Structure formats: structure tokens, C-alpha cells
Amino acid sequence: MGQTGLKVSLLSYTPIPDEIIAMAAKLCYSDSSIEELKRSMNEEKRAAFVKKLIELGHFSPIEHASFTFGIEGVSRALLAQITRHRLVSFSVQSQRYVNKSTGFNYVIPPSITRLGDEAVNRYKEQMQIMQGWYNEWVEELGGSGEAANQDARFVLPNACETKMVMTMNARELLHFFKLRCCNRAQWEIRALAYEMLRLCNQACPSVFSYGGAACVTGACSEGKMSCHKQAEVRTFTKNYLERNYESKQ
């Protein structure tokens, strides 16, 4: 039992994603065979064509590329948010089948960390109290197995860690980044979105150089609720992606 933190990995993705995107789009307007289309495009041509697609708002071919992530160290509160995105496949660690009697890990919000050690220690003590409640109910409900776990879990907090494997297509990812990289997004899902964007941009920059909050490539979509920090968001996104790209070299 203890504090945990965000860990994201890109487990797999469509090989040469911009190739399949460009081929699918060109097929709509060409009499060539699929093999001929594949041979006709080098990396430079693919990137230029994908850029044209995105600038024209022709997003349906982008759906042919998919990306699968392994995500750990996030809270059940985040799970409630991310499952609002519709075109996503999830496999999530079950609190019904996975017993937490030996201790659950938990996420500490930065706002509590900023209050200092005393606040953090109080928070950790509260987590330990809830761990005790959970263990008491597991024991009273039979000691082990899904019958005990499924009802004992009701006393676990939103802070409790969950793990998941998640797959999105590239179009949904761009939409996800537009909403969740925004300054107005909740801090935990925003941190997750930026890590996913970093990994996607390394894998397919021709598509994901357009990723980020709405204000990164266009106007703010928040209307009267805008944070009015478009320049800061653009600079942060650019530096975040460039810094991680440089560290890879």
C-alpha cells in the first residue's frame, strides 16, 4: 500500500500509420490498385498528404490507424472521466476479482501535496483507515473471492489506483487531446493526455504534430469559459513534445 504515480506506455500501434491513412484516402479518388497506391508514396509524400487531409478536415481515413496504451498509476476518479469517450476499447483491472487486502495503492492530488507534509501525512492516514475498513468487510463477507471483494470494494476511495489497457483510433485520439490537453481539463487526465500525445507524436508525427488542446492549432473551443492563455498552452505543448523528442535522440 502506498502512493503511486502515472505510468503510460505505447504497447502497439498500426505499422507505418500515415501509410495506411494516406492509402485509404487516396483510394477514394484513384483508379489505381491498393498495391500501386502503396508503392507510389514515400515518407515525404505520405506526410504531405496527411497534412492536407487534416487541414481539409477529412478525418475519416485517420480512423484506420489505431494505438494501444498500457496505463498504470491512475485513480478510479480518472476512470470515471475517461470512459465518457465513446470510441475507445478498455480492459480495466477489476476490483471484483482482484483482492486488495494486502494494500491498495493510491493517487495523491497535487493540491494536497502543495499543502505540505502534514496534509500529505493526514491523507495517507485516511487511506490506511479505508484499507482497514476494506479488510474488515472482506473478512466478514467470507474472507476471499469475488463474493467478498465485490461488496467490500464499496468503501474504497476514488483515489484507489487502477490499471488499464486502452485502444483508440487516431481520429479519436486527436479529439481526446483537443479536450483533455486543455487547461480546463482536470489535472490527472490532462497529465495522461500529454503523455499519450508525446508517445503518439514519436510514433507518427505527421498526424500528431496537430495534437493538443483546441487552441494549439486553432481557436479556443471553451468560449466564455476560456482560460485566455492560448500562447502559454501553445508554448508548453511545443516545449513538452520537443523536450521529450530530444531526450530520445
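Let me start with Thr113, which touches Ile108 and Val120 once we leave aside residues up to four places away in sequence. Thr113 is found in helix α5, which covers residues 110–113, and since its relative accessibility is 43%, Thr113 counts as partly exposed, because that value lies between the 20% limit for buried and the 50% limit for exposed. Please keep in mind throughout that what we are looking at is a predicted model. If you follow the chain on from Thr113 to Tyr123, you move 10 residues in sequence, and the two C-alpha atoms are 9.5 Å apart in space.

With that residue placed, let me step back to the chain. The chain has 12 helices and 6 strands, and its C-alpha trace spans about 70 × 40 × 40 Å along the principal axes. Of the 249 residues in the chain, 41% are buried. If we take the contacts in the chain with a separation of 6 or more, then 75% of them are between residues 24 or more positions apart.

Now I would like to spend some time on helix α8, residues 170–180. Which residues of α8 are buried? They are Ala170, Glu172, Leu173, Leu174, Phe176, Phe177 and Arg180, and you may want to find them one by one in the structure above. The buried residues of α8 pack against two groups of neighbours, and among the strands these are β3 (66–75), β4 (88–92) and β6 (161–169), while the helices are α4 (76–82), α9 (187–203) and α10 (205–208). At the N-terminal end of α8 there is a cap, which is provided by Asn169, with a side-chain oxygen of that residue lying 3.0 Å from the backbone nitrogen of Arg171.

Let us look at one of those neighbours, α9, with some care. The axes of α8 and α9 come within 9 Å and cross at roughly 140 degrees. Why is α8 called oblique to α9? The crossing angle of roughly 140 degrees is not over 145, the limit for roughly antiparallel, and it also lies outside the range of 65 to 115 for roughly perpendicular, so α8 is oblique to α9. The crossing of these two helices, α8 and α9, is left-handed. On the α8 side, the residues that meet α9 are Leu173, Phe176, Phe177 and Arg180, and on the α9 side they meet Ile189, Arg190, Ala193, Met196, Leu197 and Cys200. Sorted by kind, the residues of this contact of α8 with α9 are 8 nonpolar, no polar and 2 charged.

A second pair of helices is worth setting beside this one. The axes of α1 and α3, the latter being residues 43–56, come within 9 Å and cross at roughly 65 degrees, and α1 passes α3 in a left-handed crossing. From α1 the contact takes in Asp18, Glu19, Ile21, Ala22, Ala25 and Lys26, whereas α3 contributes Arg46, Ala47, Phe49, Val50 and Leu53. Here the residues of the contact of α1 with α3 divide into 7 nonpolar, no polar and 4 charged.

Let me turn next to the backbone. Most residues other than glycine have a negative phi. Ile16, however, has a positive phi, near 45 degrees, and you will find Ile16 in the loop between β2 (7–13) and α1 (17–27). Ile16 counts as partly exposed, with a relative accessibility of 42%. His228 also has a positive phi, near 60 degrees, and His228 is found in the loop between α11 (214–217) and α12 (230–248). Is His228 buried or exposed? With a relative accessible area of 67%, His228 is exposed, because that value is over 50%.

I will finish with two further residues. Phe154 is found in the loop between α7 (146–152) and β6, and at 66% relative accessibility Phe154 counts as exposed. The C-alpha atoms of Phe154 and Ala80 are separated by 15 Å, although their positions lie 74 residues apart along the chain in the sense of being that far apart in numbering. Asn121 is found in helix α6, residues 117–140, and with 41% relative accessibility Asn121 counts as partly exposed. Between the C-alpha atoms of Asn121 and Tyr240, which are 119 residues apart along the chain, the separation is 31 Å.

Conventions
Residues numbered from 1 in each chain as written. Predicted model: local features only at pLDDT ≥ 70, side-chain atom pairs only at ≥ 80, totals over all residues. Heavy atoms only, no water. Buried < 20%, exposed > 50% of the residue type's maximum accessible area, 1.4 Å probe, protein only. Helix = DSSP H or I, 4+ residues; strand = E, 2+ residues; numbered from the N terminus. Contact = heavy atoms within 4.5 Å. Polar contact = N/O pair within 3.5 Å; in protein donor to acceptor, adjacent residues only side chain to side chain. Axes fitted to C-alpha atoms, helices over the stretch in contact; angles between N-to-C directions. Parallel < 35°, antiparallel > 145°, perpendicular 65-115°, else oblique. Left-handed = near helix turned anticlockwise from the far one by under 90°. Nonpolar A, V, L, I, M, F, W, Y, C, P; charged D, E, K, R; others polar.
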